[in-house]
Amino acid sequence: MTDMIKYAHQPRIAVYPGSFDPVTLGHIDIIQRASKQFDKLIVAVLNNLSKNPLFSVEERKELLRQVTRDMPNVEIDSFRDLLVNYMEDKQGHVIVRGIRSVTDFEYELQMASTNQKLNPRVETIFMMTNPKFSYLSSSMVKEIARFSGNVSEMVTSEVEAAMRLKYKDFV
């Protein structure tokens, strides 16, 4: 009973990790929905060394701060370590992952199982992406913006403007 009382007073902290290069309306949908489920949602930008990002980690964090400014329980951060180590550092209990397709689920299930093996105290929840964003990926948005295509229904105006600046000398 004492453990139940102690646990009941701990804030429910979740972490939504990702590269967010760039943050899309699909990401924002997951952030909005997850922020309603937890006392605190940390959106953690992964510095993935295997990818060639358009935006630096700091630029991605700033864009995330802009698009989440009206969500008081959302914190923006970044990490370079194993996610389960980051979860321990932040006292996070739940990893939030968005799922667009069966292919996403297979990959995410493997990651969730690995994280569970590394730290059994951390749970992963999957949130289905809103169907209107199920086709959307950061890679696709970057490709369209790179060739001056219209991404206004895929990202916020802040993100679109930042992408236009990055690609202004490309075409």
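Let's start with a modest piece of the scenery: the second largest pocket of this predicted model holds about 250 Å³ of space. Of the 10 residues lining this pocket, Gln 10, Gln 91, Gly 92, His 93 and Arg 121 lie closest to its centre. Sorted by class, the lining has 4 nonpolar, 4 polar and 2 charged residues.

How do we find such spaces at all? Rolling a probe the size of a water molecule over the atoms shows where empty space is left.

Now turn to the largest pocket, where the space comes to about 1100 Å³. Its lining has 42 residues, and those closest to the centre are Gly 18, Ser 19, Lys 51, Arg 97 and Glu 108. Which helices and strands help to build this lining, each with at least two residues? They are the strands β1 (13-18) and β4 (94-99), along with the helices α2 (25-35), α5 (102-118) and α6 (138-146). The biggest share comes from α5, which gives 8 residues. By class, the lining of the largest pocket divides into 17 nonpolar, 15 polar and 10 charged residues.

Let's finish with a pair of helices. Two packed helices are described by the angle between their axes and the distance between the axes. Here, the axes of α3 (residues 57-67) and α7 (residues 157-167) come within 10 Å and cross at roughly 155 degrees. Angles over 145 degrees count as roughly antiparallel, so that is how α3 and α7 run relative to each other. Where they meet, α3 brings Glu 59, Leu 63, Gln 66 and Val 67, while α7 brings Glu 158, Val 159, Ala 162 and Lys 166. The residues of this contact divide into 4 nonpolar, 1 polar and 3 charged.

How values were computed:
Residues numbered from 1 in each chain as written. Predicted model: local features only at pLDDT ≥ 70, side-chain atom pairs only at ≥ 80, totals over all residues. Heavy atoms only, no water. 1 Å grid on protein atoms, 1.4 Å probe; cavity = no way out; pocket = protein on both sides within 12 Å on 5 of 7 lines; lining within 4 Å. Points joined across faces, edges and corners; volume = space filled by probe spheres on them. Helix = DSSP H or I, 4+ residues; strand = E, 2+ residues; numbered from the N terminus. Nonpolar A, V, L, I, M, F, W, Y, C, P; charged D, E, K, R; others polar. Axes fitted to C-alpha atoms, helices over the stretch in contact; angles between N-to-C directions. Parallel < 35°, antiparallel > 145°, perpendicular 65-115°, else oblique. Contact = heavy atoms within 4.5 Å.
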